Amino acid sequence: MKERMGHGDLSLDAYSQVWDQCYAQVLFVPSQSRFTRASLASKKERIESLEKRLEVTRVFQSFSFIFLLESCAISIDCQCMHFAVSVNACVGSGAL
């Protein structure tokens, strides 16, 4: 489709800029479960949309934080296991 329409490759910066411009023009209204033009939304709908976006962001960040903690715990466990294996190897060889 890209070839037939004569489009070239977009850089990530160009794509991000277009995405941000388009995303700024639409607004999700949770009470109506639909998107609308930001310019047509009431103040109440804008606030509701921003509250929902904040809630989603907080949930995402909490999952990211939990994943980070789990990754660190796995890394620490692996390092401890490697340390224990190294100590046991040294004790078994008489080096300690």
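**Exercise 1.** How many aromatic pairs does a search of the whole structure find?

*Solution.* The model is predicted. Searching the whole structure gives two aromatic pairs. For one of them, Trp19 and Tyr23, the ring centres are 6.1 Å apart and the planes meet at 10°. Planes under 30 degrees apart count as stacked, so the pair of Trp19 and Tyr23 is stacked. Both residues belong to helix α2, where they are four residues apart, about one turn of the helix.

**Exercise 2.** Determine whether Tyr23 and Val26 are buried, partly exposed or exposed.

*Solution.* Buried means under 20% relative accessible area, and exposed means over 50%. Tyr23 has a relative accessible area of 38%, so Tyr23 is partly exposed. Val26, in strand β1 (residues 26–29), has 32% and is therefore partly exposed.

**Exercise 3.** Identify the nonpolar surface patch that includes Tyr23 and Val26, and find the element that gives its largest share.

*Solution.* The patch consists of Leu10, Leu12, Tyr15, Trp19, Tyr23, Val26 and Phe35. Together these residues have about 800 Å² of accessible area. Helix α2 (residues 12–24) supplies the largest share, four residues.

**Exercise 4.** Place Ser49 in its element, classify its exposure and list its contacts beyond four places in sequence.

*Solution.* Ser49 is part of helix α3, which covers residues 43–93. The relative accessible area of Ser49 is 6%, so Ser49 is buried. Once neighbours within four places in sequence are set aside, Ser49 is in contact with Leu27, Phe28 and Pro30.

Technical notes. Residues are numbered from 1 along each chain as its sequence is written. This is a predicted model: local features need pLDDT of at least 70, side-chain atom pairs count only at pLDDT 80 or more; totals for chains, interfaces and linings use all residues. Side-chain values use heavy atoms; hydrogens and water are left out. Patches are made of residues with over 30% relative accessible area and no salt bridge: like charges are joined within 9 Å, nonpolar side chains (Val, Leu, Ile, Met, Phe, Trp, Tyr) within 5 Å. Accessible areas come from the Shrake-Rupley method with a 1.4 Å probe; for residues, only the protein chains shown count as cover. A salt bridge is a side-chain nitrogen of Lys or Arg within 4 Å of a carboxyl oxygen of Asp or Glu. Helices (H or I, at least four residues) and strands (E, at least two) are DSSP runs, numbered from the N terminus. Buried means under 20% relative accessible area, exposed over 50%, partly exposed in between (1.4 Å probe, protein chains only). Contact means heavy atoms within 4.5 Å. Rings of Phe, Tyr and Trp (its six-membered ring) pair if their centres lie within 6.5 Å; planes under 30 degrees apart count as stacked, over 60 as edge-to-face and the rest as tilted.
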